[in-house]
Each structure stands twice: as C-alpha cells, then as structure tokens.
Amino acid sequence: MLLGYRRRTPTLLTAADTAFAPVPRSRPSGGKACSQCHRQKQRCNKGQPCSNCIRRGIPDACIYLSRQERRTRRQIEETPIPRRESHPETSAASALRLLSEPVHRQQTVPSNTRPVSHHLGRLFKARGAPSYHGDSYFGHQSAAVMMEASAPEMSGGPDAGLSRRARTGETQPFRSERGPYAHIWELVGSLPRQKAVVDHLTRRFLDELNPTFDAIHEGTFQISYAKFWDHKCGFDGLSSVDVRWLSLLFIILAFGELLDCAQPCSPEVQRACEESSLHFYWSARKAVVIAPSFFGETPDLVWAGILITRYLMYTRRLSESWLTICFAVRMAQAQGMHVDGEQLGLPRKNTETRRRLWSQLYVLERMIALALGRPNTINDRHCGFTEAVNIWVDDMTNEDARKAVPKSFDEPTPATFSVFNRQLAIIVGNIQEECFSLFAISHDTSYDEILEHDVRLLAWKDKLPSYFGLEDPDTSHDALQPYIAWHRLYLHAAYHFTRITLHRSYLLRPSFTDRYQYSRAACLSSACADLRTKLAFRNPSMGDRLRYNISAHQLFNTALILGVIVVRDPHGPQTESILDDLQAYCSKQNADTWANDFDVAEVRVIELCISRARQSRNQGPGVIGNRTTTSVIESSQAFSAATAHPLTLEYVANPVHQDAYPDIPGYCGGEDQYGGEVGSDMWSNPGYYFPEPMGKSLGKKNVYFLNSLTVFR
C-alpha cells in the first residue's frame, strides 16, 4: 500500500439526497440555429424562416448549415487577404482600381458561361432578389468589394429606413389599420372571394393572350400561384404574401375580365365587366408602387409594368403608359437587365429570357416616346446589351439551353418577333434623337437626313423573313403557329407608324420643284395601308380585340391624317375615294360599342373634316373657302419617277390587293388602295403633335383648327 493514499469508501445516498442531486448537462448538438441567429448569437425558434429573420426583414437569408459547413465558411472568412504591392497613386485612383478587380466571393449569381466583365457593375443579393450595383465607389457594396468582404444584408419591409429605436421588434398583423401591412391586407382583400374565379380568369389569359404577348413563363407563374394559395388561413406573416407577384396577378385578372365578357352582351354586362377590369388594374398599379418598399426588385415587377402599359395602350391612355413603361424600365435597370447576361456570367437560359424582356421594354419605350414627343428613358450609351437570337429556351433545362443551337430566320420561333421588333426600335430611337429632339429642331434637320433614315427603314423591311413580309407574306406557318399572324401585324403597324412620323413634316410642305414628292408618296402609302387594315378588321372577339389594340395602331390614327389632307386638297383626283373610305371608317367606329371617349372624339374630328371637304367640293374646282388655288396633285404630275424610290411609286400608282393577315379572326381582305399628293406647309414643324382627345364634344378651338387648314401661309 502506497503512503498517502487513502481508499475511498462508497457513499450511500438517501432518497432526499437524490432528489436534490445535480443532473449532468449534456452538450447541445450544434447546427440547430439558422446562420443569421448563429452569427448574431441569438436564440432561434428553428422556424423556416425563423422569427428573428422575419423581424429583421431577411426571410430569404434564413438558412440552416451543418457544423462542417459553418467551419468551412469560417475558414474562408478568416483567410488573410494577400498584401498588395504599393503603387504611387492617389487614394481615389486606388479605390477605382480596387473596385474594378475581380472578387469571386461576391459573385452571387452562378457563372458558367463567359468570364464576367468587371467594368459594368455586379449583381448583389439584396432583400431576397438580385440587385445591380454599378461602378460607383460610394455605398457599402463598393466598400465591401474594395475590402474583399461580404456586403451586409439590408433589412427590407415597411420598417426600412427607420432608426433602430423606432423599429417595433415584432411582426404586426395585417389587420392593424395603423400597422405597416395595412396596404397588403387591402390588396389581398381585392381578390375575388372564390379561388375558382381566379383560376378561370387566369387560365383565359394564359391560353388566349400569353402566347401572343410573350408576357410570362407559365411554369414559373404556376409555381408562385400554387405557393400563394397554399398559405395558411389567417397567418399574418409578411413572408407569405409576395406583393411583387401579386401585382402581376392583378393585371392578368384585369385582362381576364375583359376576355370573359361574352359577345354580344347587354350594356349592363359590359359596364360591369369594364368596371371589374379597372378594379384589378388599379390594384395592380398600387401593388407595383408599394412592392419595392417590402421586397427587392424581381422580373415579376417588370412583367407587370409591361402588361400595365399594354392595358393603357388598349384604353388609349398614352400619357399614362409613358409613365408606367418608364417605371418598368427603372425596375429592370435595378436588376441589371440593361447589361447583357453573358457579361454578368448568367446561364444562357436566364440570359435569353432577360434579352427578350429588355427588348419589350426598349420597343415600348421608344414607340411611346416618339408618339408623344417626349424624351427617351433608356440611354443606349449606358447599356451593354446584345441582341436576342432565334431560339426558344423557356422549356429547356439550363444544360439543354447551353447546348442549343440558334435557328435560322427561315424557321420562325416565338423569339423571332422580338429580334426584328428591337431592330426597328433602334431606328425609331435614332429618328427621335436626330429629327424630333430639341437639338434637331434648333439645328434644322436637313431633308437629306430624313431620306437617310428612310433608307434604313427600307433596308429593315427588306430583311424581314417571308412570313413577316409587307408584300405578299408567306402564311403557311400561321396554322401551326397562330401567333405569327399577330406578330406580322404588329411589325407592319410599327413600320407604317414610323414611316408616317418620319415623313409627316414634309407631307403638306410646298415646294416649287416638288422635291418632297418622295415623302408624300411614302407617307400616303403607309397611311392607306394602315387604314385598309382598320377597315378590314370587323366583328372581332374580345381576344382578337385585345390582341389588335395593344399594337402601334393605338399610337396614331391615319384617318385623321387623311382627313386633314382632303380638307387642304378637296379637288384632288383621289379625294372622293378617300372621303368614302373615311366615311366607312366613321360608321364602323360609331357602331362599335367598345369605343371609348378617345375614339369618339377622333371620329367627331374626322366627320368634321369630311363635312368641310364636301362643302369645298360643292363650291367648284379651285376654290377653298374664299381663296382660289390649284390642286397640288395636278401640279405635281411632272414629277420624274427616276427621282423617287421605285417601290414606293409603284405601290401608290399600282396598288396590290392582298390579305396580309388572312388567319386573324375578324380580318377580311383589303378593298381599295389609293394614292395622291397634296401640298401645304401644315406639319412643317417637326415638333408638332396632335393633342390627345379629351372628350366627345368639339368646341370652337377644333373648328378654328380646321378653318386654319384651308389657309395657305
């Protein structure tokens, strides 16, 4: 036995001692708290998302990592930054240089295509959505890039921007009238009470309009649709309602209400249908405005903005459509859609979708700005965009899309229209900037520049595939791909709108040598072709009416242009034919029960033009009002055919009777084609635009306007 060692005898514990004996604590298993609570050292309730992440407004950042994943992430964050060699440069230059260098840990979007360009900004994940940050060296994102660290998450929700002391610290219910979520509760209450009604209206839109509009991806929309209706009844959490997607649903319901109105119907049924559609439209407008305050920008907001703009074009509210398309452009730019997806390292499927989406924004913005004479929102110098290719990848996987080969334009796809529509929009933007901007008006754009733009328009027309051609188009694809007939109509309407706008300044301008004869022939041929299309479109269904009235036809009215022409030249050789067609157009519009105040006001002006022209014709040839003049059409007979475009003159002198849209329901073949030339100094100012009609009544100002047309300056 060793000295100093004392053997211990076992101690017997009584029942009382056992009751108060300390219970050994087992080590808690790791990995049960989410990453955000673990980083903040807060107690996590293990929800998905947890209450702390909901309170901080970052439900998408609530993820659960294993112990090994946490260890790996900690090792990456604690890796020392390598020392940089010192250079004799200023602090500002050093900051710019550090900002332009690659930081691979900051790339939140998977890069599996081309190397990322570091001169056009980056995509960050902010408030649960990709957010674009350019080359500015201000802001916490840029500072984080310079230090090669992760940018801190910004809290979203209605408490964004409040001080820390003002934050409530707990989620408030929707039903609280003073709470920040009252607007969301009001939007949810605007939906129909029965889900079957929403299902029916949504299906009408997806089946009848979506293939033509290329509005949304149906599979992605259905996922969000199912998620929305699966939320718990009475649950007051903000994360269960995505206001961004809700705005898209409301505008789809607005179109669905119009589609669901049977034809013909009683005035009461039509009024109820239009009021219900407007109710959903205003809900969509409200959701689009407040959604960026709760969440980050997503493509759903952009799609909603485009559909809202098309809805306003259908109702002829062009001034409002300019505002909504500008808002949609800003939402897209906030997500970096003005930068091509290849330069940001996005997958090809995502890249092609973004290209088509940006093309729709670009076309609508350029067309509406030219129609209203307002500045463009998109600056081409600030965009790094590549044209879409003729390939449809929406139904492919990312791997299949990466391997897919673009088709030739002889094989039409739903993306073909987007390619040629954007090419025309580029020409429209150049015309707006060089011919109708304030700079162009002050520097007096020459007629040679007008002709150069017309050459580009004709070159674009000649490049159109046979199934989109303006003369004798190939309609063999229309049976299997019905959207082609509508896309062809949209391209033709946009072409005529652009060419009339380009040449309208010289349509009535006098010239002793008849040097503007080419502009008159070009403008009149497009005006006649567009009017023929309007006269031939009869008895449409609601789906056909909506498809037809969201095109460039709504941006201008050729009947008004021809009405002004016959007032100035009532004794021309083709004036009687023009008057007959204008009278037929007015009768067609007066019989249309869906014509609104804008349509009726235009018809009243055209009817006044017809009345004034017939009154002048009854006074005898060569007399307009109290003045004696000679028909400019007769005075321009000596115009040489060699000085004008042969195709244009042939089109005006020898009209071609053809049906460009035989497969569009409600469209019947063209009747007459006429041509002629008139001369005046009306519309000589390139900055002149017809005012929008504001009502049915015609006051003294309208009569004075028509009287002024009969006076040579």
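The exercises below, each with a worked solution, introduce the salt bridges, the surface charge, the burial and the backbone of a predicted model.

Residues are numbered from 1 along each chain as its sequence is written, and side-chain values use heavy atoms, with hydrogens and water left out. Because the model is predicted, local features need pLDDT of at least 70 and side-chain atom pairs count only at pLDDT 80 or more, while totals for chains, interfaces and linings use all residues.

**Exercise 1. Describe the protein as a whole.**

Solution. Begin with the secondary structure, which comes to 28 helices and four strands; helices (H or I, at least four residues) and strands (E, at least two) are DSSP runs, numbered from the N terminus. Next take burial: of the 713 residues, 49% count as buried, where buried means under 20% relative accessible area, exposed over 50%, and partly exposed in between (1.4 Å probe, protein chains only). Then turn to the surface, of which the protein exposes about 36000 Å², with carbon and sulfur atoms supplying 54% of it; accessible areas come from the Shrake-Rupley method with a 1.4 Å probe, and for residues only the protein chains shown count as cover. Finally, consider contacts, meaning heavy atoms within 4.5 Å: among those with a separation of 6 or more, residues 24 or more positions apart account for 73%.

**Exercise 2. Find where the partners of three salt bridges lie, and state whether each is buried, partly exposed or exposed.**

Solution. Side chains of opposite charge can pair when their charged atoms come close. A salt bridge is a side-chain nitrogen of Lys or Arg within 4 Å of a carboxyl oxygen of Asp or Glu, and the structure holds 33 of them.

Step 1. The side chains of D214 and R356 form a salt bridge at 2.9 Å, N to O. This pair links distant parts of the chain, since D214 is in the loop between α9 (210-213) and α10 (218-229) and R356 is in helix α15 (residues 348-372), 142 residues apart. Both D214 and R356 are buried.

Step 2. K403 and E399 meet through their side chains at 3.5 Å, N to O, and both lie in helix α16 (residues 398-403), four residues apart, about one turn of the helix. K403 is exposed, with a relative accessible area of 55%, whereas E399, at 38%, is partly exposed.

Step 3. R545 and D592 form a salt bridge at 3.0 Å, N to O. Here again distant parts of the chain are linked, with R545 in helix α22 (residues 542-548) and D592 in the loop between α24 (575-590) and α25 (597-618), 47 residues apart. R545 counts as buried because its relative accessibility is 10%, while D592, with a relative accessible area of 22%, is partly exposed.

**Exercise 3. Identify the residues and helices that make up the patch of negative charge on the surface.**

Solution. The residues that gather in this patch are E433, E434, D448, E449 and E452. Patches of this kind are made of residues with over 30% relative accessible area and no salt bridge, like charges being joined within 9 Å. The elements that give two or more residues to the patch are α17 (416-435) and α19 (447-463), and α19 gives the most, with three residues. As an example, E433 lies in helix α17 and is exposed, with a relative accessible area of 51%.

**Exercise 4. Locate two buried loop residues and list their contacts.**

Solution. T298 is in the loop between α12 (267-294) and α13 (299-314) and, at 12% relative accessibility, counts as buried. Leaving aside neighbours within four places in sequence, T298 is in contact with A129, R244 and Q335. H338, in the loop between α14 (318-334) and α15, is buried at 9% relative accessibility. Not counting residues up to four places away in sequence, H338 touches Y132, Q333, W358, H382, C383, G384 and F385.

**Exercise 5. Examine the backbone for cis peptide bonds and positive phi values.**

Solution. Most residues other than glycine have a negative phi, and most peptide bonds are trans. The peptide bond from Q48 to P49 is cis, with omega near 0°, and P49 is in the loop between α2 (35-40) and α3 (51-56). K46, which is not a glycine, has a positive phi of about 65° and is placed in the loop between α2 and α3. The bond from Q263 to P264 is also cis, with omega near -5°, and P264 is in the loop between α11 (243-259) and α12.

Key. Patches are made of residues with over 30% relative accessible area and no salt bridge: like charges are joined within 9 Å, nonpolar side chains (Val, Leu, Ile, Met, Phe, Trp, Tyr) within 5 Å. Lys and Arg count as positive and Asp and Glu as negative; His and the chain ends are not counted. The place of a charge is taken as NZ of Lys, CZ of Arg, CG of Asp or CD of Glu.
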